[in-house]
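Q: I would like to learn how to read a structure like this one, feature by feature. Where do we start?

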Amino acid sequence: MNTRRHFLSVAAAGTAAFAASPLMAQSAGPGSVLPTRGQASAKPLPGNPARQGRRYRPQTRLGLGGVAIGNGFAAATDAQSEATLAAAYAAGVRCFDTSPWYGLGLSERRYGHHLHNHPAREYTLSTKVGRLLTATAGELQDVMWKDPSPFHYRYDYSADGTRRSVEDSLNRLGVSQLDVVFIHDLSPDNEKDLGMPWEQRFAEAAKGAMPALTRMREEGLIKAWGFGVNRPEPALRAVAESDPDIFLLACQYSLLDHEQALHDTFPKIAAHGASVVVGSPLLAGYLAGRDRYLYDGKVPSWAPEKRARVQAICDRHGVDLRTAALQFADAPEVVSAVIPGARTPEQVLANVASMSVAVPGAFWAELKQEKLIASDAPVPRG
């Protein structure tokens with residue numbers, strides 16, 4: 001049987017040979033892996049102990065995001081996705097996030113194909129609402145996915161649309177329950193696709209999706225709900241107007257760019273008693289050696305120099321950039337999970353290994369001294 005210790009030993013193999021390597025040339029392709037530097041232990045992944053009377057948090061603080069499993073950026077086979085999910089589960093990952101949007105149902109089906117073999121109580125599963133899928137034999141809409149499933153999508157943040165979306169997701173996944181549901185992409189950066197100002201869609205969700213999800217939580221159908229968005233405004237408005245439990249904030253808190261979230265978004269969410277799942281902690285590959293920054297294909301003009309300066313400090317302290325980025329994103333108290341994506345078992349195992357590497361305190365101190373991270377940014381303890 002494949003055990004977590006076995007998987008970690010495989011992931012750590014060859015680390016010494018690459019100990020002096022900077023960003024590697026081979027990390028340019030889909031599925032490539034930036035070698036782990038430092039010794040990864042075989043201790044269990046950190047979790048979130050159940051706290052009676054407190055809002056739900058995922059079972060493990062390292063999760064798996066579902067974009068790559070849904071053929072984001074490049075196509076993957078069903079067999080490759082199954083192997084990736086199996087490697088994650090065997091290595092101790094128990095937090096899985098997906099969405100109807102990812103591959104137009106493809107990510108959900110692939111997740112469910114693996115997860116239905118495991119008891120639901122053993123893992124946290126989250127998906128999203130806001131888009132309804134309709135099967136089509138015609139021409140597909142212009143989407144970011146490679147070889148997506150043959151569906152059209154339309155936005156619907158109503159109560160009925162939310163109920164239908166949850167039922168559709170359960171059917172695609174082939175599982176009996178969801179733990180967390182996020183209201184997806186109702187955000188200023190998505191206004192063009194929404195077809196109207198995001199505030200109008202928010203008003204629809206305030207009357208529909210938000211009370212519907214609150215009722216589902218009260219009925220015990222789900223354990224928690226929130227927003228999955230790339231900008232802070234919807235999350236902060238939801239905290240002020242409703243009773244969400246958890247937010248999936250992508251593109252907002254990373255080793256290279258984090259001050260707004262740290263000083264404004266996180267404190268307001270924490271004051272509500274909710275938590276944050278950090279999406280895109282590796283900036284969609286940029287902090288794992290890829291020359292791709294998030295999802296629009298544009299690398300900000302300031303990013304290459306800042307990454308190079310952080311990389312130089314990594315080299316001096318024997319730390320790889322991915323490990324530093326994942327541990328940094330996991331450090332704030334309000335954070336309940338980080339969910340990097342993975343296309344291959346090797347990428348999953350590298351992420352798992354990164355969470356158990358001992359990063360020297362002097363590394364974080366130098367980053368602060370050089371003003372590469374905020375002086376008050378939480379960092380891992382020794």
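A: We start with one residue and its surroundings, bearing in mind that this is a predicted model. Setting aside neighbours within four places in sequence, F227 is in contact with F182, I183, L186, F202, M210, P234, A238, I246, F247 and L248.

Q: Which residues touch the most other members of the largest nonpolar core?
A: F227 is one of them, together with F96, I183 and L255, in a core of 99 residues. Helix 11 gives the most to this core, with six residues. Apart from the largest core lies another, of eleven residues, among them Y56, F182, A224 and L248.

Q: How many residues of helix 11 are buried?
A: The general idea is a cut-off: a residue counts as buried under 20% relative accessible area. In helix 11, which runs over residues 321–330, ten of ten residues are buried. They include charged side chains as well as nonpolar ones: R322 and D330 are on the list, and so are L321, L326 and F328.

Q: What covers the buried residues of helix 11?
A: The cover includes two strands, strand 8 (275–279) and strand 9 (335–339). It also includes helix 10 (303–317), helix 12 (345–354) and helix 13 (361–369).

Q: Why would a helix have more than one side to cover?
A: An α-helix has 3.6 residues a turn, so residues three or four places apart point the same way.

Q: Which contact should I look for at the start of helix 11?
A: Look at D320: one of its side-chain oxygens comes to within 3.3 Å of the backbone nitrogen of R322.

Q: What does helix 13 look like from the inside, taking L367 as the case?
A: L367 sits in helix 13 and is buried, because its relative accessibility is 0%. Beyond its neighbours within four places in sequence, L367 is in contact with L255, V310, I313, L372 and I373. L255 has already come up as one of the core residues that touch the most other members.

Q: How far is L367 from M196, in sequence and in space?
A: Sequence separation and distance in space are read separately. L367 and M196 are 171 residues apart in sequence, and their C-alpha atoms are 42 Å apart. For R215 and S187, the figures are 28 residues along the chain and 23 Å between C-alpha atoms.

Q: Is R215 buried or exposed?
A: Neither label applies: R215 is partly exposed, because its relative accessible area is 39%. R215 lies in helix 7 (residues 209–219). Not counting residues up to four places away in sequence, R215 touches A159 and R163.

Q: How do I read a buried polar side chain, such as that of T84?
A: Take accessibility, then look for a polar partner. T84, in helix 2 (residues 78–90), has a relative accessible area of 0% and is therefore buried. Its side chain reaches the backbone oxygen of R343 at 3.0 Å. Besides R343, the contacts of T84 outside its neighbours within four places in sequence are I69, A342, T344, P345 and V348.

Q: Where does H258 lie, and what is 2.9 Å from its side chain?
A: H258 is in the loop between strand 7 (246–250) and helix 9 (259–272). A polar atom of the H258 side chain lies 2.9 Å from the backbone oxygen of S254. H258 is buried, because its relative accessible area is 3%. Leaving out neighbours within four places in sequence, H258 is in contact with Q252, Y253, F328, L372, I373, A374 and A377. Of these, F328 belongs to the buried residues of helix 11.

Q: Which residues have a positive phi although they are not glycines?
A: F73 is one, with a phi of about 75°, and D147 is another, with a phi of about 50°. F73 is in the loop between helix 1 (4–12) and helix 2, and D147 is in the loop between strand 3 (131–135) and strand 4 (151–155). F73 counts as partly exposed because its relative accessibility is 28%, whereas D147 is exposed, with a relative accessible area of 61%.

Q: What is the volume of the second largest pocket, and what lines it?
A: The volume is about 620 Å³. Of its 24 lining residues, the closest to the centre are P46, R61, D330, A331 and P380. The lining divides into twelve nonpolar, five polar and seven charged residues. D330 is also one of the buried residues of helix 11.

Definitions and conventions
Residues are numbered from 1 along each chain as its sequence is written. This is a predicted model: local features need pLDDT of at least 70, side-chain atom pairs count only at pLDDT 80 or more; totals for chains, interfaces and linings use all residues. Side-chain values use heavy atoms; hydrogens and water are left out. Buried means under 20% relative accessible area, exposed over 50%, partly exposed in between (1.4 Å probe, protein chains only). Helices (H or I, at least four residues) and strands (E, at least two) are DSSP runs, numbered from the N terminus. Contact means heavy atoms within 4.5 Å. A polar contact is a pair of N or O atoms within 3.5 Å; within protein, one must be able to donate a hydrogen and the other to accept it, and residues adjacent in sequence count only if both atoms are side-chain atoms. On a 1 Å grid over the protein atoms alone, a cavity is a set of points where a 1.4 Å probe fits but cannot get out, and a pocket is an open set with protein on both sides within 12 Å along at least five of seven lines; lining residues have an atom within 4 Å of a point. Grid points are joined across faces, edges and corners, and a volume is the space filled by probe spheres set on the points. A nonpolar core is a set of buried Ala, Val, Leu, Ile, Met, Phe, Trp, Tyr and Cys residues joined through side-chain atoms within 4.5 Å.
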